[in-house]
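Biologist: Hey, have you got a minute to walk me through this one? I'd like to go through it bit by bit.

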Amino acid sequence: MRPSPKDRLAVALDFPTAKAALDLVDQLSGTCQWFKVGMELYYATGNSLVETLRNRGFNVFLDLKLHDIPNTVAGGVRSATQAGASLLTIHASGGPAMMAAAAEAATGYGSPRLLAVTVLTSMDAAQLNATGVSSTPAEQVLRLAKLAQSSGVHGLVCSAEEVGTLRAELGDDALLVIPGIRPAGSEIGDQKRIATPHAAIERGASMLVVGRPITQAANPAEAAELILKEIEAAS
Ligand SMILES: O=C(O)c1cc(=O)[nH]c(=O)n1[C@@H]1O[C@H](COP(=O)(O)O)[C@@H](O)[C@H]1O
């Protein structure tokens with residue numbers, strides 16, 4: 001069965017307080033089903049906000065981008081998943097031993113699906129090369145994606161520029177989550193590898209992550225509705 005557009009959009013709650021985040025959630029309840037809690041909100045509110053969202057019937061994508069030694073990341077996965085998040089991010093560049101330790105730890109409470117972030121969508125070739133990686137973003141994404149898959153991680157975060165290749169390489173069942181989404185005419189900000197919702201879905205994205213184009217819109221519910229329509233049209 002084809003997933004509904006609501007199951008393919010996660011709204012990034014990049015806010016400093018629970019109040020600010022829940023004000024937006026109230027505006028979007030009925031329209032959106034998935035909310036992403038990232039480091040800004042999680043460092044301020046911890047698991048209690050995740051529990052609040054779960055108790056209100058939403059799915060939570062906990063985006064902590066864990067990146068440390070394997071033992072520390074495994075502990076982080078266990079602590080972070082106590083509140084029942086459905087998705088949790090780690091950095092693929094932490095390496096295969098770190099990803100395998102995270103995958104093993106994720107089999108505990110709630111069994112969240114682990115997503116490995118490949119190359120951040122805010123990085124272009126120059127930014128990536130400055131870190132000592134001479135591959136292009138596309139080459140590095142593919143390399144890290146294969147490494148993540150063989151380490152037992154359940155899904156990947158990449159940009160819409162690479163999602164077509166990953167879909168072709170990894171098959172229909174791969175969980176491919178795409179941030180850096182910019183509806184036509186919206187502000188690009190710090191993102192570098194971007195695409196419209198329609199293009200990202202058409203190229204094979206499983207799910208889109210959208211922050212500012214919704215959260216900073218004059219009418220967030222209307223902005224989310226338009227994105228859901230694009231997802232539907234491209235599905
Ligand atoms: O893991 C992520 O969600 C993520 C990975 C990535 O490569 N790029 C990226 O932008 N994100 C997150 O996706 C969201 C994008 O927000 P906007 O740029 O405001 O739409 C932010 O919360 C980022 O932390």
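Biologist: Let's jump straight in. Does Glu51 count as buried, exposed or partly exposed, and why?

Modeller: Glu51 counts as partly exposed, because it has 16 C-beta neighbours inside 10 Å. To be buried a residue needs 20 or more, and to be exposed it needs 12 or fewer.

Biologist: Okay, and where does Glu51 lie?

Modeller: Glu51 lies in helix 3. Keep in mind that this is a predicted model.

Biologist: Right, so how confident is the predictor?

Modeller: The protein averages a pLDDT of 97, and 99% of the residues score at least 70. For the complex, the predictor gives an ipTM of 0.99 and a pTM of 0.98.

Biologist: Good to know. Back to helix 3: which of its residues are buried?

Modeller: Helix 3 covers residues 47-55, and its buried residues are Leu49, Val50 and Leu53. Looking down the axis of helix 3, you'd find those buried residues within an arc of 105°, so they line one face of the helix.

Biologist: Why would spots that aren't next-door neighbours end up on one face?

Modeller: An α-helix has 3.6 residues a turn, so residues three or four places apart point the same way.

Biologist: Ah, nice. Which residues are exposed on the other side of helix 3?

Modeller: Ser48 and Asn55 are exposed over there.

Biologist: And what do the buried residues of helix 3 pack against?

Modeller: They pack against helix 1 (18-28), strand 2 (34-38), helix 2 (39-45) and strand 3. Just after helix 3 you'll also run into Gly57, which takes a positive phi of about 95°.

Biologist: Let's switch to helix 5. Which of its residues are buried?

Modeller: Helix 5 runs over residues 96-105, and the buried ones are Met98, Met99, Ala101, Ala102 and Ala105. Seen down the axis of helix 5, they fall within an arc of 160°, so these residues line one face too.

Biologist: What covers them?

Modeller: The cover includes strand 3 (59-66), helix 4 (70-80), strand 4 (87-91), strand 5 (113-117) and helix 7 (137-150).

Biologist: And Ala97, is that one buried, exposed or partly exposed?

Modeller: Ala97 is found in helix 5, and it is partly exposed because it has 13 other C-beta atoms within 10 Å. If you want a feel for distances, Ala97 and Ala218 are 121 residues apart along the chain, and their C-alpha atoms are separated by 45 Å.

Biologist: Changing topic: which residues does UniProt put under "active site"?

Modeller: The annotation comes from an unreviewed UniProt entry, and it covers Asp63, Lys65 and Asp68.

Biologist: Tell me about Lys65 then. Where does it lie, and what is it in contact with?

Modeller: Lys65 lies in strand 3. Leaving aside its neighbours within four places in sequence, Lys65 is in contact with Thr89, Ile90, His91 and Val117. With 16 C-beta neighbours inside 10 Å, Lys65 counts as partly exposed.

Biologist: Anything odd about its backbone?

Modeller: Phi of Lys65 is near 45°, a positive value in a residue other than glycine. Most residues other than glycine have a negative phi.

Biologist: And where's Asp68?

Modeller: Asp68 sits in the loop between strand 3 and helix 4. Asp68 counts as partly exposed, because it has 16 C-beta neighbours inside 10 Å.

Biologist: Now the ligand. Which residues come nearest to it?

Modeller: There are 17 residues around the ligand, and Ala12, Thr121, Pro179, Gly211 and Arg212 come nearest. Strand 8 (207-210) and helix 10 (212-215) each supply at least two residues of that shell. By class, the shell has eight nonpolar, six polar and three charged residues.

Biologist: Last one: is Leu9 buried or exposed, and why?

Modeller: Leu9 is buried, because it has 25 other C-beta atoms within 10 Å. Its place is in strand 1 (residues 9-12).

Biologist: And which residues is Leu9 in contact with?

Modeller: Leaving aside neighbours within four places in sequence, Leu9 is in contact with Cys32, Trp34, Leu208, Val210, Ile227, Leu228 and Ile231.

Definitions and conventions
Residues numbered from 1 in each chain as written. Predicted model: local features only at pLDDT ≥ 70, side-chain atom pairs only at ≥ 80, totals over all residues. Helix = DSSP H or I, 4+ residues; strand = E, 2+ residues; numbered from the N terminus. Arc of directions from axis to C-beta. Contact = placed C-beta atoms within 7 Å. Near = placed C-beta within 6 Å. Nonpolar A, V, L, I, M, F, W, Y, C, P; charged D, E, K, R; others polar. UniProt positions renumbered as here; feature names shortened; annotations may be inferred. pLDDT = per-residue confidence, 0-100.
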